[in-house]
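Reader: Please walk me through the structure shown here, and teach me how to read its features one at a time.

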Amino acid sequence: MSSQKQPDAVHIDENSKDAQLAAERMDPTGHFLTTDQGIRVEHTDDSLKQGARGPTLLEDFHLREKLTRFDHERIPERVVHARGSAAHGYFQPYESQAKYTRAKFLQDPSKKTPVFVRFSTVAGSRGSADTVRDVRGFAVKFYTEEGNFDLVGNNIPVFFIQDGIKFPDFVHAAKPEPHHEMPQAQTAHDSFWDFVSLVPETLHMVMWTMSDRAIPRSYRMMQGFGVHTFRFVDAKNVSRFVKFHWKPLLGTHSLVWDEAQKLAGKDPDYHRRDLFESIEQGDFPEYELGVQIVEEADAQKLGVDLLDATKLVPEEVAPVLPVGKLTLNRNPTNFFAETEQVAFCVANIVPGIDFTDDPLMQARLFSYLDTQLTRLGGPNFAELPINRPLAPVHNHQQDGFGRHTSSTSRANYHPNSLGGGCPFLAAQEQGGFVHQPEQVTGQKLRARPESFKDHYSQAALFFRSLSAPEQEHLIDACRFELGKVESKAIQERVLEHFAKIDALLVTAVAEGLGLPAPKATPVTPKGPPASKALSMEAMKLLMPPSIKTRRIAVLVADGVDSDELMAVRKELEAQGAQLKIIAKRLGTVKAANGKDLPVDKSAMTTASVEYDAVFIPGGAASVATLKKDGASRHFVQEAYLHCKTVGVSKDAEDVLKACEIDPAAPGVVSGAKSGNGTALATAFAKALSNHRHWDRKDHDRVPA
Ligand code: HDD
């Protein structure tokens, strides 16, 4: 609060600029513009000059400070995962996990642990589009009472490489090529596929990134994985292997590739906006934390090496046990201070959780802190509010760039007597972190274990677990990406690898590239022949149908039957969907009943790719306008092309006809069939809960 004495009451004309200025000067909260030194600024629109038309004076400390601060606003972006969006929330366990771990935040079901979660793409720079084909980062910082635990995962359960020493090579190959800095945020180029063709351990994850997993519908609708095998350690120091999973409560859904590409232009912030708006509207994203537990004694029987991050443990082999729920309920208030300055680190763990000897993980234990020293300007970034643990911090760290803490003790070393021995060491019973003892033998060498050598089985397991439409999308993605590769030798080498994965895959991709398919010699996957959890379509069937938070575009023009529209709207909104009324221009349209219907979006500012479904209400004049309007027809046809639910009232079927869409096609709902109003809304909701209608065989026949 300002300590300034308030001026005596003066008469203020509310509308005048002077009044505004006067009100600001009287601001009782004391929110005056100041310099960084707290000196109140009287004028900020003109620099200090010698005469109104004269030279600027060096003495102008306000000008110099303002420009200096501006000149230094940018910090280096993350070398990978530069583009991200984040949210605050909390984690709450369903029940105590004491049988597996002594980690305190997993003990008490009544306890909420605050979290900060940052989602990201990997390859693109900070300003790149959200909907590119890429892995998504899923990094969670748990501010536990025992210190920060960072689970720095992805939306794909495996990684491209087995040893972190190859990370710089892999990232160089994936990023824009160094001679011309192209392409941005894409792997559809020679150097990426050159690396893949020469390093077959990448193939399993390549299958995932060519699948629909790499173009999620929303951050709220994608899974997350800790990827590595960690350890859970209980109070008696018994250690078990653990793999972490996040499952979104809204189900796992994707875009289609054509839609993703168009969105990158229409709304490059599509995922960021979706996350931000959902939280603002109270539709809080929720994810269930699950764990696969493997007893140490059983590790050898799994058929995969738990230390190999290019392999997963099928859920049929080790089920995912539910642990608790993550809810994201608060947006950051300042993007830079929170989303940009947050620093996740794989090495941040709490008692009850421990590392393994996975060589990818071991390299990560070094890399994150190292990169943050540069990115965040020195060693004191843990003092930034977003990184600061809630647990108290006492240690002998001192000085360095940007130090906030001002310790008062002269004893900045351990052991000491001058400071009374403070701070004290904590035994395990007092919450001290004790590394799990592990017997390690072996020669010092640079080598990969034999158990890491099979690079095809799980790539094949993944491909074969997909439904036919998912396989088709993956094949198309490979045809697209490899189709952009200029070197035939690289294309051919990749096909040789695909031949070891699956016959359909290699034949179809080779056909798309106009190359002869090498003879298929697919491996037989070890373990289960297929795994349901790998297919989003198979998983969808296990979820209760829901249209919660789904966006429906409603196309209208003057003469729309708004009474009928309201009946449909009421039912769909009751089920949690969001409807947006779209017309040629903003303002209102005149409904058939003479009332004004407010318009949410003008057709010029939005597109079908921003919605999950499209609905066209009746009203003869409205229908007549829409069916003649090319942009409206394109809207409907594009939604149809992307296999989205299309619904029309009984007397709007003419729009379907004008769009050359068969009213009997899968996912096309018509009031003529179901009856209008609530019955139509119910049929529409059922179709929409299916997400997409891949069985729409003729979808690419429509011109969109
Ligand atoms: Fe990494 C950032 C996830 C392997 C080195 N990584 C980063 C982020 C995520 C991941 C989600 C962004 C965190 C944020 O939002 O700020 N990284 C992974 C996963 C991996 C993985 C799931 C494999 C299991 N990473 C990996 C390796 C190395 C790195 C093997 C190096 C040896 N990762 C980094 C980094 C980044 C990073 C260069 C860039 C910015 C940062 O750390 O803070 O250090």
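**Cavities, pockets, domains and turns of the chain**

Author: Let us begin with the second largest cavity, which has a volume of about 80 Å³. On a 1 Å grid over the protein atoms alone, a cavity is a set of points where a 1.4 Å probe fits but cannot get out, and its lining residues have an atom within 4 Å of a point; the points are joined across faces, edges and corners, and the volume is the space filled by probe spheres set on them. This is a predicted model, in which local features need pLDDT of at least 70 and side-chain atom pairs count only at pLDDT 80 or more, while totals for chains, interfaces and linings use all residues. Residues are numbered from 1 along each chain as its sequence is written, and side-chain values use heavy atoms, with hydrogens and water left out.

Reader: Which residues line the second largest cavity, and which helix gives the most to that lining?

Author: The lining is made by Asp212, Thr252, His253, Ser254, Glu470, Met536, Glu537, Lys540, His691 and Trp694. Helix 14 (residues 536-540) gives the most, with three residues; helices (H or I, at least four residues) and strands (E, at least two) are DSSP runs, numbered from the N terminus. By class the lining divides into two nonpolar, four polar and four charged residues, where Ala, Val, Leu, Ile, Met, Phe, Trp, Tyr, Cys and Pro count as nonpolar, Asp, Glu, Lys and Arg as charged, and the others, Gly among them, as polar.

Reader: How many cavities of 30 Å³ or more does the structure hold, and what lines the largest cavity?

Author: There are six cavities of 30 Å³ or more, and the largest cavity encloses about 150 Å³ of space. It is lined by 17 residues, of which Pro157, Phe225, His245, Gln292 and Leu312 are the closest to its centre. Strand 7 (residues 239-248) contributes three residues, the largest share of this lining, and the classes are 10 nonpolar, four polar and three charged.

Reader: Where does the largest cavity lie with respect to the domains?

Author: The protein is divided into domain 1 (84-383), domain 2 (454-540) and domain 3 (551-701), with bounds that come from an automatic or database domain assignment. Because domain 1 and domain 2 both give residues to its lining, the largest cavity lies between them. The second largest cavity likewise draws at least three lining residues from each of domain 1 and domain 2.

Reader: How far apart are the C-alpha centres of domain 1 and domain 3, and how many residues does the contact take from each?

Author: Their C-alpha centres lie 37 Å apart. The contact, counted as heavy atoms within 4.5 Å, takes 15 residues from domain 1 and 14 residues from domain 3.

Reader: What is the volume of the largest pocket, and which residues are closest to its centre?

Author: A pocket is an open set of grid points with protein on both sides within 12 Å along at least five of seven lines. The largest pocket has a volume of about 2,000 Å³, and among its 50 lining residues Pro392, Val393, His394, Asn395 and Gln397 are the closest to the centre. Strand 4 (147-154) and helix 9 each supply at least two residues, and the lining divides into 21 nonpolar, 22 polar and seven charged residues.

Reader: Which helix gives the most to the lining of the second largest pocket?

Author: Helix 9 does, with 10 residues. This pocket has a volume of about 1,000 Å³ and is lined by 48 residues, with Val79, Val80, His81, Phe167 and Tyr368 nearest its centre; the classes are 27 nonpolar, 12 polar and nine charged.

Reader: How do helix 16 and helix 17 meet?

Author: The axes are lines fitted to C-alpha atoms over the stretch in contact, and angles run from 0 to 180 degrees between N-to-C directions. The axes of helix 16 (residues 620-628) and helix 17 (residues 630-641) come within 5 Å and cross at roughly 85°. That makes helix 16 roughly perpendicular to helix 17, a word used for 65 to 115 degrees, whereas angles under 35 count as roughly parallel, over 145 as roughly antiparallel and the rest as oblique. Leu626, Lys627 and Lys628 in helix 16 meet Gly630, Ser632 and Arg633 in helix 17, and these contact residues divide into one nonpolar, two polar and three charged.

Reader: Which residues does a cis peptide bond join, and what is the phi of Val227?

Author: One cis peptide bond joins Met182 and Pro183, with omega about -10°, and Pro183 is found in the loop between helix 3 (167-174) and helix 4 (190-198). Another joins His414 and Pro415, with omega about 0°, and Pro415 sits in the loop between helix 9 (359-375) and helix 10 (457-465). Val227 has a positive phi of about 65° although it is not a glycine, and Val227 lies in the loop between strand 5 (224-225) and strand 6 (230-233).
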